[in-house]
Amino acid sequence: MDYSNFEIEDFATDDSFVSWVLTNDHESNIFWNDLRKLNPAMDLKIEKARLLVLNLRKAEQISCKANLDKVEEIWKGIDARTEPKANFKTFLSMKIAASLLVIFLFLGGLCYFVWTSGTAEPFQIIELSESDFIEEVNTSDKVLKIHLVDGTVVSLTRDSRLRYAKDFSGLPNREVHLKGEAFFEVAKNPQQPFLVHANELTTKVLGTSFTVTAFENQKDIVVAVKEGKVTVFSSQQKKKQDLEQKVNGVVLTPNQKVVYTRAEDSFSKTLIDKPEKLKEEEFTALRFKFENTPVKEVFEALSLAYGVEIIFDEELMDNCYLTVPLGDEPLYEKMKIICRTVDASYELIDATLVVTSRGCK
């Protein structure tokens with residue numbers, strides 16, 4: 001089918017499009033993502049239509065009478081040309097063409113809840129147009145610093161692109177779209193989570209700093225956390241579950257990263273290449289000068305300093321003591337020195353350091 005002349009309401013009532021949004025099967029995902037890449041001018045319309053479909057789907061699940069009344073009011077504004085047999089309770093059929101009033105409900109305005117209080121509020125209709133968005137592209141060799149209105153700072157690397165709303169006020173989430181690589185220093189706001197959409201991956205945070213690497217021509221997407229905690233999940237998970245509810249994604253803490261293999265829709269969690277001390281000023285070189293110190297205390301000091309889990313057999317290594325000055329060596333080098341001293345070895349499994357030893361005499 002030729003989608004070149006489709007408007008938002010046309011996409012939102014196209015069976016193939018709706019099926020992709022709600023089920024996100026592999027073949028549909030390839031087709032629609034390729035269509036967006038090959039037709040940049042259609043990308044905004046497709047994104048608006050996608051959010052419209054998701055919001056209307058979410059609306060049918062709401063039990064709050066005020067919200068249902070609002071939905072019915074909206075459907076009364078549907079163009080007279082549409083088929084009257086469809087309604088929001090049989091949304092999966094999607095045989096009704098959306099009116100302009102419904103179109104403006106994209107970006108989550110339709111289904112705004114206050115989950116922290118456990119109660120639902122009536123719909124808030126948020127009208128945003130293309131002029132309400134900003135797109136920054138870094139074509140220079142220097143990092144481009146972008147200051148968002150909420151206080152978040154984004155460091156955009158070369159050949160990278162960031163799209164975001166000028167104002168997040170009234171929106172349930174602060175959402176941005178990234179193509180390329182960027183380091184995010186997110187301003188804290190527990191009431192308004194920050195979402196980074198990067199190809200098939202979405203990263204959700206409340207306030208933290210992390211890096212997302214998601215170039216379109218690369219097979220992997222990488223999210224690495226410097227501070228705080230983030231949840232990373234694929235687009236398939238995003239469409240199956242509400243973002244405000246528990247998501248079965250990968251949770252990352254400082255010095256951890258996840259590699260998402262796009263072709264396999266799979267995650268691999270590990271530590272970053274060069275773990276850093278969580279609070280540099282609190283862990284000076286003096287803290288790592290050990291004299292006849294039980295190895296258990298050594299591992300505990302490293303675990304506290306870098307925020308990593310170190311697993312070892314405490315009973316087997318009960319007689320292991322360490323006398324060695326450790327300074328500014330990287331974490332992995334410290335582990336090599338320790339293991340060499342007590343005749344042990346270690347390996348990185350997921351995001352955990354696992355030590356193997358025969359014990360000490």
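Contact here means heavy atoms within 4.5 Å.

**Figure 1. Overview of the chain in the predicted model.** Of the contacts whose residues have a separation of 6 or more, 53% are between residues 24 or more positions apart. The chain holds 9 helices and 20 strands. Of its 361 residues, 48% are buried. The accessible surface of the chain is about 18,700 Å², and carbon and sulfur atoms contribute 49% of this area.

**Figure 2. Close-up of the open sheet with strand order 17-20-19.** This sheet has 3 strands, and its pairing is mixed. Strand 17 (309–311) and strand 19 (344–349) are at the edges; each has a single partner strand, so one side of each lacks a neighbour in the sheet. From one strand to the next, the twist averages 25 degrees. In general, the strands of a sheet pair through backbone hydrogen bonds, in a parallel or an antiparallel manner.

**Figure 3. Close-up of the pairing between strand 19 and strand 20.** Strand 20 covers residues 352–357 and runs antiparallel to strand 19. The two strands are joined by 6 bridges. Within this pairing, Glu 347 lies opposite Val 354 of strand 20.

**Figure 4. Close-up of helix 9 packed on the sheet.** Helix 9 is formed by residues 331–341. The helix touches strand 17, strand 19 and strand 20. Between the direction of helix 9 and that of strand 19, the angle is about 150 degrees.

Technical notes. Residues numbered from 1 in each chain as written. Predicted model: local features only at pLDDT ≥ 70, side-chain atom pairs only at ≥ 80, totals over all residues. Heavy atoms only, no water. Pairing = 2+ DSSP bridges. Helix = DSSP H or I, 4+ residues; strand = E, 2+ residues; numbered from the N terminus. Axes fitted to C-alpha atoms, helices over the stretch in contact; angles between N-to-C directions. Buried < 20%, exposed > 50% of the residue type's maximum accessible area, 1.4 Å probe, protein only. Areas by Shrake-Rupley, 256 points an atom, 1.4 Å probe, with all protein chains shown as cover.
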